[in-house]
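Me: I've got a model open and want to go through its sheets with you. Can we start with a hairpin?

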Amino acid sequence: MKYVMNLLLLMVLGLLTATAQAGKYPPSTVSMTLQQVSDRCYYVQGEAGTAIENEGFISNAGVVVTEAGVVVIDALGSPSLAQLLMERIREVTDKPVVKVILTHYHADHVFGLQYFKEMGAEIIAPDGAEKYLESPASKERLEERRFSLEPWVNEDTRLVWPERFVEKHDVIQVGDTIFEMTVIGDAHSDADMTIYVKSENVLYSGDVIFEGRIPFLGSSNTRLWLETLKRMDSGDLKALVPGHGPHQEAPVKAIGLTYRYLAFLREKMGEAVDELVPFDEAYAEADWSGFRDLPAFDAANRRNAYQVYLSMQNEAFAD
Ligand SMILES: [Zn+2]
């Protein structure tokens, strides 16, 4: 009798779980836990791995619960993962998701968008994301993932455009929670943006923290980038949530190499611009020994230095 009761109990539990998981998209089977980093700020952490491992759950998504609704930061790599994230959100609030803010448009952060869009959430992205959306590369990537991440990414998965673009810097208020969005430029993707939740002192940094190699600067705004890193380094932050990997708690010292590198480039190239020293000369004179042995130095350093030299010339004229 006891055995039958247990069996019945298990069946009821199974049914309840199945109901909770019921949704439009194939239910994800990965483990996903909502971690709290401050009063209102949470995130889920993807597993380190290649893009097609762990059902595509390799990146993080942020969750900020305000009294006027939930703001999600990045939408994960499939509608199924977004659906699972929603179940986790329901464990802490019954408020609707009103906005999704994207740090950048890369497949592992955006294929969950349609789930939130169908709910009526407003989607906000950095200016420049349209370059990715309009590119053949974005369509090819979707095609490739429909194959490699089937059934999580399939024929029904689509690229969703934002309703609103942030040009350089923008502030929005949801309830009484303030979100400061700063576009760094194309540091890592066609456009990268950080989101600072002011009242919570929590920064969602996206993928702009590189460790262990020389970053490719592209045409990013190194002044804004360095300012953002400075804020991270100041120790004022309660927590820093990156686009991948675990969050860091204050005092945040997550930025080491990237910070040192950008600060050095801006110092040396800034001096050269001030003293009207030609680029070639300034480049030859700079002591690169602190960075020369790092991966990607040969591929990236000279181009990076030149980009910073030119942009600091422009900054000098703009002042
Ligand atoms: Zn990423």
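Reply: Sure. In this predicted model, strands E8 and E9 make a hairpin with two residues between them, and glycine 175 in the turn has a positive phi of about 60°. Ground rules: local features need pLDDT of at least 70, side-chain atom pairs count only at pLDDT 80 or more, and totals for chains, interfaces and linings use all residues. Residues are numbered from 1 along each chain as its sequence is written.

Me: What makes E8 and E9 a pair, and in which sense do they run?

Reply: Strands (E, at least two residues) are DSSP runs, numbered from the N terminus. Two of them pair if DSSP finds at least two bridges between them. E8 and E9 (residues 177-185) have six, in the antiparallel sense, so they pass. One bridge puts aspartate 170 with methionine 181 in E9.

Me: Why is E8 said to lie largely in the open?

Reply: Buried means 20 or more other C-beta atoms within 10 Å of the residue's own; 12 or fewer is exposed, anything in between partly exposed, with C-beta atoms placed from the backbone. Of the six residues in E8 (169-174), zero are buried, so that's the verdict.

Me: What makes E8 and E13 edge strands?

Reply: The open sheet runs E8-E9-E10-E11-E12-E13, with mixed pairing. E8 and E13 (248-249) each have a single partner strand, so one side of each has no neighbour in the sheet.

Me: How do you know that E9 also pairs with E10?

Reply: Six antiparallel bridges join E9 to E10 (residues 192-197), and phenylalanine 179 stands opposite valine 197 in E10.

How values were computed
Helices (H or I, at least four residues) and strands (E, at least two) are DSSP runs, numbered from the N terminus.
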